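Have a look at the fold below and keep the viewer open while you read. We'll go through strands and helices, and then how the parts touch.

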Protein chains: 2
Amino acid sequence: MKNLVGACMFGQSGGPTSVINASAAGVFIEALKQPNITAVYGAANGIKGILDENFYDMGAEDMKELELLKYTPSSALGSVRYKLKDASVDDTDYKRILEVFKKYNIRYFFYNGGNDSMDTCNKISKYLISAGYECNIIGVPKTIDNDLYGTDHCPGYGSAAKYIATTLMELNLDAKVYDKGQVAVVELMGRHAGWLTAAAALANHKGLGADLIYLPEIPFSIDKFMADVKRVMDANNGKCIACVSEGIQDKDGNFIVETLSAAKAKDGFGHTQLGGLAIQLANLVNETYGVKTRGVELSLMQRCGAHLASKTDVEEAYMAGQTAVKAACDGETDKMVVFERDMSSGSYQCKFKLMPVELAANTENKVPLEWIIDDGTMLSDEFVKYALPLIQGDCKAPLEDGLPRFAQLKKVQAGRK
Amino acid sequence: MKNLVGACMFGQSGGPTSVINASAAGVFIEALKQPNITAVYGAANGIKGILDENFYDMGAEDMKELELLKYTPSSALGSVRYKLKDASVDDTDYKRILEVFKKYNIRYFFYNGGNDSMDTCNKISKYLISAGYECNIIGVPKTIDNDLYGTDHCPGYGSAAKYIATTLMELNLDAKVYDKGQVAVVELMGRHAGWLTAAAALANHKGLGADLIYLPEIPFSIDKFMADVKRVMDANNGKCIACVSEGIQDKDGNFIVETLSAAKAKDGFGHTQLGGLAIQLANLVNETYGVKTRGVELSLMQRCGAHLASKTDVEEAYMAGQTAVKAACDGETDKMVVFERDMSSGSYQCKFKLMPVELAANTENKVPLEWIIDDGTMLSDEFVKYALPLIQGDCKAPLEDGLPRFAQLKKVQAGRK
């Protein structure tokens with residue numbers, strides 16, 4: 001819809017990343033420039049903020065703070081995990097959204113998130129179309145998991161991959177420092193897609209990575225894992241570093257972390273949560289081979305470690321937000337911004353395009369099986385070639401007292417909650 | 001002993017840090033300049049490399065790589081945990097060390113480490129004096145634990161503190177992103193001294209720290225912890241971030257992690273190692289209050305995260321090594337380098353001095369009790385004033401392919417093992 005005049009609403013959804021706020025900065029700074037956009041709102045906790053009429057006037061923020069959003073991890077407006085029911089089943093939420101959009105004359109809507117969030121974005125888009133309410137809606141991709149369909153890669157992945165590869169290089173130097181055997185098991189995020197765990201192979205590219213890398217794309221066998229570790233230990237003076245995805249499953253689809261916990265539970269441990277996968281696999285190696293072990297989980301740090309953000313990722317995330325606003329103001333709607341890799345100049349360049357948003361909803365893009373080599377324990381050079389351009393350059397918040405100066409928003413209430 | 005002419009030996013000992021190699025660079029680069037030093041050796045795995053005649057010719061390394069050591073975490077020569085017996089009980093090792101020192105005409109010995117390593121350094125020094133072998137020996141301090149006696153602070157602490165404070169700021173933004181309650185328990189290193197855990201308070205100084213901080217200096221009560229968490233949750237929309245030192249103990253000196261494990265073991269879990277302290281405390285909060293919890297352990301990353309090294313720390317670590325060599329060449333021996341804080345100019349400056357090495361052996365310098373406030377849950381401004389100068393500035397390895405380019409040593413064998 002061309003030449004729509006009205007307010008714009010932006011929301012953040014799903015798990016935080018190092019660069020989701022860079023996309024927010026791109027949306028806000030571009031939207032504040034657009035003559036047809038009469039007000040720029042940021043929803044508190046995504047779709048929930050819209051339903052609750054709880055959102056902020058982004059025009060009231062200092063431009064310096066909006067710029068600092070580029071280097072500020074997590075979701076500055078607050079995030080949410082909220083799944084909209086199908087409108088055909090229950091249209092309460094949709095009616096409420098339409099009511100709020102009408103009340104504030106919201107004619108531009110940008111939603112930033114992963115698969116589930118694009119499902120939300122798509123449902124709202126389709127409902128408003130069916131209701132005849134004119135509103136240009138563009139999804140802005142985001143997920144450290146890198147599993148969105150239709151885009152070469154996702155904003156957030158490059159920074160998480162850089163964090164993982166850098167940290168693994170440091171852990172490699174640390175774990176191999178004594179002249180005795182030691183096995184380190186490092187657990188990385190990714191329930192279904194192994195992109196994050198695969199990033200460990202970038203450290204291998206620098207000679208300081210993992211000996212074994214296990215992705216959820218390949219069924220995991222505890223017996224094979226134990227044999228793999230033994231083989232590496234025997235060849236390396238008792239030393240081995242293994243990276244595992246939190247989502248590894250056996251051939252029947254059972255999560256390995258649950259299998260290990262269940263084995264312990266038989267001893268009367270009940271339902272209490274045990275240590276994570278890394279600790280349990282490390283314990284198993286220790287019990288079986290008597291070697292010193294360490295279970296290390298990169299936990300939340302891998303998704304919020306903005307001090308190690310990739311400049312490429314930050315810039316692309318910003319441009320994804322900016323592209324969404326420009327496209328909407330050009331009349332586009334019901335789309336998501338996607339990235340296309342352009343190697344025509346001989347070096348990596350990223351092009352921004354649009355794709356129907358329903359294609360991104362609830363899909364999962366996994367690591368190609370042909371990139372997983374060495375009997376399911378390593379990534380090929382093709383993966384390294386794919387991922388290396390995404391982790392280039394440094395880009396972080398300025399220091400104040402030796403610590404990052406993150407954005408500080410005023411969050412002036414604009415909804416009348 | 002002035003004007004000694006001969007080779008120098010350097011060894012690294014104890015747990016790795018982000019800057020122990022910066023001290024190595026200081027020793028090597030300075031020693032290679034000294035006319036009285038005829039060869040510069042680096043011992044593989046500390047004292048063990050001397051006993052095994054396994055050491056490298058540092059003069060054969062490229063200067064560029066020695067400079068890169070400043071930014072390379074962990075112990076580049078390999079480390080060791082090896083406690084020398086008292087010479088009066090068993091002098092086998094000492095005789096062997098004397099034999100090796102004589103064989104290679106080693107007249108300068110520098111040993112880099114914490115309390116235990118200074119014990120080693122002291123014992124060797126005293127033995128060689130009693131044996132009438134002329135060798136100038138200087139200890140170079142190192143420990144992320146910051147618990148060495150006689151020095152204002154220790155090389156390695158500033159970088160670990162900067163890593164902890166920065167990461168905690170990021171975790172704070174991540175953990176508070178949803179509009180639901182969530183309790184995060186973050187476990188930090190430090191068995192006996194709470195300096196590392198206290199560093200969380202630097203993040204508080206920026207408004208993004210922990211609600212509760214528990215050091216091993218104060219007896220820990222699980223009941224009080226649970227009440228503290230409840231109080232913070234009630235005041236903060238169900239949200240709480242608590243930092244705990246791995247070494248927290250109850251009033252009878254029992255480690256809390258063991259108490260919690262023992263409680264579980266009663267259910268038949270046996271002796272298998274459970275998750276760490278953070279996970280167990282998080283589980284307890286989850287079971288008791290039904291709130292979503294996260295146990296996060298900064299694990300090895302806090303000691304090897306050189307990408308977040310403090311420039312102040314790197315420079316001081318380098319100068320500690322350089323000072324040791326200069327002092328030894330000036331005839332000093334049987335000493336350790338210590339840091340003195342000089343605020344006479346109104347801002348922080350570090351002076352390098354010498355102290356008898358036996359004073360540093362096996363001592364522990366803890367966080368002053370008067371700096372621990374709010375009923376044992378927070379650090380005072382005095383702590384922040386103390387620690388803030390130590391985390392200033394950035395200083396890290398140059399990037400190559402978006403990842404750190406760490407030192408790559410040739411390690412030309414100089415011993416005749």
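## The sheet with S6 and S9 in chain B

B:Gln182 has B:Lys292 as its bridge partner in S9(B). That pair belongs to a run of 6 bridges joining strand S6 (residues 182–188) of chain B to S9(B), with the two running parallel. Bear in mind that this is a predicted model.

Zoom out a little and you'll find an open sheet of 4 strands in chain B, ordered S7-S8-S6-S9 with parallel pairing. At its edges stand strand S7 (212–214) and strand S9 (292–297) of chain B; each has a single partner strand, so one side of each has no neighbour in the sheet. On average, neighbouring strands of this sheet are turned by 15° against each other, direction ignored.

## Helices lying across it

Two helices of chain B are worth picking out here. Helix H9 (residues 222–235) of chain B lies across S6, S7 and strand S8 (239–245) of chain B, and it runs at about 150° to S8(B). Helix H11 (residues 277–289) of chain B lies across S6, S8 and S9 of chain B, at about 170° to S9(B).

## Around S1 of chain B

Now jump to the start of the chain. Strand S1 (residues 6–12) of chain B is largely enclosed by the rest of the structure, because 6 of its 7 residues are buried. S1(B) pairs in the parallel sense with strand S2 (residues 37–43) of chain B over 4 bridges, and B:Gly6 has B:Ile37 as its bridge partner in S2(B). Put helix H1 (residues 20–31) of chain B together with S1(B) and S2(B), and you get a right-handed β-α-β unit.

S1(B) also pairs with strand S4 (residues 106–113) of chain B, again in the parallel sense, over 6 bridges. There, B:Met9 stands opposite B:Phe109 in S4(B).

## Two domains in chain A

The domain assignment splits chain A into domain 1 (6–143 + 306–362 + 394–404) and domain 2 (157–304). Their C-alpha centres lie 34 Å apart. The contact between them takes 13 residues from domain 1 of chain A and 8 residues from domain 2 of chain A. On the domain 1 side, those residues divide into 6 nonpolar, 6 polar and 1 charged.

## Where chain A meets chain B

How many residues does each chain put into the contact? Chain A gives 58 residues and chain B gives 58 residues. Among the elements giving two or more residues on the chain A side are helix H6 (157–175), helix H10 (256–269) and strand S9 (292–297) of chain A. H6(A) gives the most, with 9 residues. The chain A side divides into 24 nonpolar, 21 polar and 13 charged residues.

Definitions and conventions. Residues numbered from 1 in each chain as written. Chains lettered and ligands numbered in written order. Predicted model: local features only at pLDDT ≥ 70, side-chain atom pairs only at ≥ 80, totals over all residues. Domains from an automatic or database assignment. Contact = placed C-beta atoms within 7 Å. Nonpolar A, V, L, I, M, F, W, Y, C, P; charged D, E, K, R; others polar. Buried ≥ 20, exposed ≤ 12 C-beta atoms within 10 Å, placed from the backbone. Pairing = 2+ DSSP bridges. Right-handed = clockwise from strand over helix to strand, strands pointing away. Axes fitted to C-alpha atoms, helices over the stretch in contact; angles between N-to-C directions.
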